[in-house]
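Visitor: Could you take me on a close look at one part of this model, the hairpin and what surrounds it? I would enjoy a connected account rather than a list.

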Amino acid sequence: MIPTNVNNLTIKEFIEYENIRTSSLENIDKIIQIASSFTDVSVSEYENMSFNELEKVKSKVLLLINSKPNTRLKNTFWHDGVRYKACKDEKDFKTNQYTALKQYETDVINNLHKILALIYVKCPVFSKYKFNSDNVEEISDVIYNYGKVGDVYGTLFFYSNRSEKLKADLLNSLEEVQKEISIHMEEVNRELKASEKNMVGTL
(Lines give C-alpha, C1' and ligand atoms only; values in the text may rest on other atoms or scores of the structure.)
Protein backbone atom coordinates (compact mmCIF):
# COMPACT_ATOMS: atom_id res chain seq x y z
CA MET A 1 0.00 0.00 0.00
CA ILE A 2 1.34 3.41 -0.97
CA PRO A 3 1.43 5.77 2.05
CA THR A 4 -0.02 9.23 1.52
CA ASN A 5 1.83 11.10 4.30
CA VAL A 6 5.59 11.26 4.63
CA ASN A 7 5.29 11.38 8.45
CA ASN A 8 4.11 7.77 8.48
CA LEU A 9 7.30 6.51 6.84
CA THR A 10 10.06 4.84 8.81
CA ILE A 11 13.46 6.47 8.43
CA LYS A 12 14.53 3.50 6.30
CA GLU A 13 11.59 4.10 3.93
CA PHE A 14 12.15 7.86 4.01
CA ILE A 15 15.80 7.56 2.95
CA GLU A 16 14.86 5.38 -0.03
CA TYR A 17 11.96 7.68 -0.90
CA GLU A 18 14.08 10.87 -0.69
CA ASN A 19 16.82 9.38 -2.86
CA ILE A 20 14.24 8.67 -5.55
CA ARG A 21 12.39 11.98 -5.13
CA THR A 22 15.56 14.06 -5.43
CA SER A 23 17.08 12.00 -8.24
CA SER A 24 17.45 13.16 -11.85
CA LEU A 25 14.78 10.73 -13.10
CA GLU A 26 11.86 12.00 -15.15
CA ASN A 27 8.75 12.71 -13.03
CA ILE A 28 6.80 9.68 -14.27
CA ASP A 29 9.81 7.43 -13.58
CA LYS A 30 10.09 8.86 -10.07
CA ILE A 31 6.41 8.12 -9.45
CA ILE A 32 6.78 4.54 -10.67
CA GLN A 33 9.96 3.97 -8.62
CA ILE A 34 8.33 5.38 -5.47
CA ALA A 35 5.18 3.31 -6.00
CA SER A 36 7.23 0.16 -6.54
CA SER A 37 9.26 0.74 -3.36
CA PHE A 38 6.06 0.60 -1.26
CA THR A 39 4.26 -2.23 -3.04
CA ASP A 40 4.87 -5.74 -4.35
CA VAL A 41 4.44 -4.44 -7.89
CA SER A 42 7.67 -4.27 -9.89
CA VAL A 43 8.79 -1.24 -11.92
CA SER A 44 8.28 -3.16 -15.19
CA GLU A 45 4.70 -4.07 -14.16
CA TYR A 46 3.91 -0.41 -13.52
CA GLU A 47 5.46 0.54 -16.86
CA ASN A 48 3.12 -1.92 -18.61
CA MET A 49 -0.02 -0.42 -17.03
CA SER A 50 -2.46 1.67 -19.03
CA PHE A 51 -2.57 5.42 -18.45
CA ASN A 52 -5.89 5.04 -16.60
CA GLU A 53 -4.44 2.46 -14.21
CA LEU A 54 -1.29 4.50 -13.70
CA GLU A 55 -3.31 7.65 -13.00
CA LYS A 56 -4.69 6.10 -9.78
CA VAL A 57 -1.17 5.22 -8.67
CA LYS A 58 0.07 8.69 -9.59
CA SER A 59 -2.60 10.43 -7.48
CA LYS A 60 -1.54 8.47 -4.36
CA VAL A 61 2.16 9.10 -4.91
CA LEU A 62 1.52 12.82 -5.43
CA LEU A 63 -0.27 12.95 -2.07
CA LEU A 64 2.89 11.53 -0.52
CA ILE A 65 5.17 13.93 -2.39
CA ASN A 66 3.04 16.94 -1.46
CA SER A 67 2.99 16.05 2.24
CA LYS A 68 5.61 17.70 4.45
CA PRO A 69 7.69 16.22 7.30
CA ASN A 70 6.74 17.33 10.79
CA THR A 71 9.20 20.04 11.84
CA ARG A 72 8.02 20.30 15.46
CA LEU A 73 10.62 19.11 17.95
CA LYS A 74 9.65 15.97 19.87
CA ASN A 75 12.06 15.46 22.74
CA THR A 76 11.25 11.78 23.15
CA PHE A 77 10.02 8.74 21.28
CA TRP A 78 9.37 5.18 22.45
CA HIS A 79 10.16 1.81 20.92
CA ASP A 80 9.61 -1.61 22.45
CA GLY A 81 9.11 -0.10 25.91
CA VAL A 82 12.35 1.90 25.74
CA ARG A 83 12.34 5.69 25.95
CA TYR A 84 14.70 7.67 23.71
CA LYS A 85 15.38 11.30 24.56
CA ALA A 86 16.97 14.06 22.48
CA CYS A 87 19.67 16.39 23.74
CA LYS A 88 18.11 19.78 24.52
CA ASP A 89 21.26 21.81 23.93
CA GLU A 90 24.04 21.03 21.46
CA LYS A 91 26.47 22.78 23.83
CA ASP A 92 26.16 19.65 25.97
CA PHE A 93 27.59 17.53 23.15
CA LYS A 94 30.84 15.69 23.81
CA THR A 95 33.71 16.28 21.39
CA ASN A 96 33.45 12.83 19.75
CA GLN A 97 29.68 13.29 19.45
CA TYR A 98 30.06 16.65 17.69
CA THR A 99 32.89 15.44 15.42
CA ALA A 100 30.85 12.45 14.22
CA LEU A 101 27.84 14.72 13.67
CA LYS A 102 29.85 17.04 11.42
CA GLN A 103 31.14 14.06 9.45
CA TYR A 104 27.64 12.66 8.84
CA GLU A 105 26.31 16.07 7.80
CA THR A 106 28.14 15.71 4.47
CA ASP A 107 25.31 13.39 3.37
CA VAL A 108 22.33 14.18 5.59
CA ILE A 109 19.74 11.99 3.85
CA ASN A 110 21.69 8.73 3.81
CA ASN A 111 23.11 9.38 7.28
CA LEU A 112 19.84 10.59 8.79
CA HIS A 113 19.53 7.68 11.25
CA LYS A 114 23.19 8.03 12.26
CA ILE A 115 22.81 11.76 12.91
CA LEU A 116 19.69 11.21 15.01
CA ALA A 117 21.45 8.41 16.92
CA LEU A 118 24.02 10.98 18.04
CA ILE A 119 21.27 13.26 19.35
CA TYR A 120 19.00 10.65 20.99
CA VAL A 121 20.00 8.44 23.93
CA LYS A 122 18.29 5.66 25.84
CA CYS A 123 16.83 7.50 28.78
CA PRO A 124 14.48 5.95 31.37
CA VAL A 125 11.81 8.27 32.83
CA PHE A 126 13.21 10.73 35.41
CA SER A 127 16.77 10.04 34.23
CA LYS A 128 19.07 12.76 32.89
CA TYR A 129 20.37 12.89 29.34
CA LYS A 130 23.73 11.12 29.15
CA PHE A 131 25.49 10.32 25.88
CA ASN A 132 27.12 6.91 25.58
CA SER A 133 29.07 6.22 22.38
CA ASP A 134 28.71 2.47 22.95
CA ASN A 135 24.94 2.71 22.28
CA VAL A 136 25.06 4.79 19.09
CA GLU A 137 25.00 1.87 16.63
CA GLU A 138 22.11 0.17 18.44
CA ILE A 139 20.10 3.41 18.57
CA SER A 140 20.89 4.03 14.89
CA ASP A 141 19.39 0.63 14.00
CA VAL A 142 16.25 1.34 16.05
CA ILE A 143 15.76 4.74 14.41
CA TYR A 144 16.47 3.35 10.92
CA ASN A 145 14.01 0.47 11.15
CA TYR A 146 11.33 1.77 13.53
CA GLY A 147 11.64 5.55 13.91
CA LYS A 148 8.82 7.39 12.15
CA VAL A 149 9.49 10.63 10.30
CA GLY A 150 6.69 12.33 12.23
CA ASP A 151 8.38 11.48 15.53
CA VAL A 152 12.06 12.21 14.88
CA TYR A 153 12.45 14.47 11.83
CA GLY A 154 11.57 17.59 13.84
CA THR A 155 14.67 17.00 15.95
CA LEU A 156 16.87 17.17 12.86
CA PHE A 157 15.08 20.34 11.70
CA PHE A 158 15.56 21.91 15.16
CA TYR A 159 19.29 21.17 15.23
CA SER A 160 19.80 22.33 11.65
CA ASN A 161 18.32 25.71 12.53
CA ARG A 162 20.37 25.90 15.73
CA SER A 163 23.51 24.97 13.81
CA GLU A 164 22.94 27.75 11.27
CA LYS A 165 22.41 30.26 14.08
CA LEU A 166 25.56 29.09 15.84
CA LYS A 167 27.54 29.45 12.61
CA ALA A 168 26.26 33.02 12.16
CA ASP A 169 27.06 33.88 15.79
CA LEU A 170 30.52 32.37 15.41
CA LEU A 171 31.22 34.39 12.25
CA ASN A 172 30.06 37.60 13.94
CA SER A 173 32.24 36.88 16.96
CA LEU A 174 35.21 36.15 14.71
CA GLU A 175 34.75 39.46 12.88
CA GLU A 176 34.61 41.32 16.20
CA VAL A 177 37.79 39.62 17.42
CA GLN A 178 39.59 40.40 14.16
CA LYS A 179 38.58 44.07 14.45
CA GLU A 180 39.85 44.20 18.04
CA ILE A 181 43.16 42.59 17.02
CA SER A 182 43.52 45.04 14.11
CA ILE A 183 42.88 48.06 16.36
CA HIS A 184 45.27 46.71 18.99
CA MET A 185 48.04 46.15 16.40
CA GLU A 186 47.61 49.71 15.10
CA GLU A 187 48.08 51.00 18.66
CA VAL A 188 51.17 48.82 19.13
CA ASN A 189 52.68 50.06 15.85
CA ARG A 190 52.02 53.69 16.80
CA GLU A 191 53.68 53.21 20.17
CA LEU A 192 56.69 51.50 18.59
CA LYS A 193 57.13 54.35 16.10
CA ALA A 194 56.77 56.92 18.86
CA SER A 195 59.41 55.15 20.98
CA GLU A 196 61.90 55.31 18.04
CA LYS A 197 63.37 51.96 19.15
CA ASN A 198 64.82 49.54 16.59
CA MET A 199 62.43 46.60 16.73
CA VAL A 200 63.72 44.76 13.63
CA GLY A 201 63.55 40.97 14.18
CA THR A 202 61.37 41.36 17.31
CA LEU A 203 57.94 39.77 17.41
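Guide: Let us begin at the turn: His79 has Val82 as its bridge partner in strand 2. This is a predicted model, so please read every value here as computed from it. The pairing belongs to an antiparallel arrangement in which strand 1 (residues 76-79) and strand 2 (residues 82-86) are joined by four bridges. Two residues lie between the strands of this hairpin, and Asp80 in the turn has a positive phi of about 55°.

Now step back into strand 1, to Phe77. Phe77 counts as buried because its relative accessible area is 6%, under the 20% cut-off. A search of the whole structure finds four aromatic pairs. Phe77 belongs to one of them: with Tyr120 it makes an edge-to-face pair, 5.1 Å centre to centre and with 80° between the planes. This contact links distant parts of the chain, since Phe77 sits in strand 1 and Tyr120 in strand 3 (residues 120-122), 43 residues apart. Tyr120 is buried as well, at 0% relative accessibility.

Tyr120 leads us to the largest nonpolar core, which has 43 residues; Leu9, Tyr17, Tyr120 and Ile143 are those with the most contacts inside it. Helix 6 (residues 112-119) gives this core its largest share, six residues.

Helix 6 also has a part in covering the buried residues of helix 5. In helix 5 (residues 95-104), the buried residues are Gln97, Ala100 and Leu101. Seen down the helix axis, they fall within an arc of 105°, so they line one face of helix 5. On the face turned away from that buried side are the exposed residues Thr95 and Gln103.

From Leu9, another member of the core's best-connected set, you can reach a second aromatic site. Beyond its neighbours within four places in sequence, Leu9 is in contact with several residues, including Phe14, Tyr17, Phe38 and Val149. Phe14 and Tyr17 themselves make a tilted aromatic pair, 6.3 Å centre to centre with 40° between the planes. They are three residues apart in helix 1 (residues 11-21), so about one helical turn separates them. Both Phe14 and Tyr17 are buried, and together with Tyr153 they form one aromatic cluster.

One last stop is the cysteines. Cys87 is buried, with a relative accessible area of 3%, and Cys123 is buried too, at 1%. The count of disulfides in the model comes to zero.

Methods:
Residues numbered from 1 in each chain as written. Predicted model: local features only at pLDDT ≥ 70, side-chain atom pairs only at ≥ 80, totals over all residues. Heavy atoms only, no water. Pairing = 2+ DSSP bridges. Disulfide = S-S within 2.5 Å. Buried < 20%, exposed > 50% of the residue type's maximum accessible area, 1.4 Å probe, protein only. Core = buried A, V, L, I, M, F, W, Y, C linked by side-chain atoms within 4.5 Å. Contact = heavy atoms within 4.5 Å. Arc of directions from axis to C-beta. Phe/Tyr/Trp six-rings, centres within 6.5 Å; stacked < 30°, edge-to-face > 60°.
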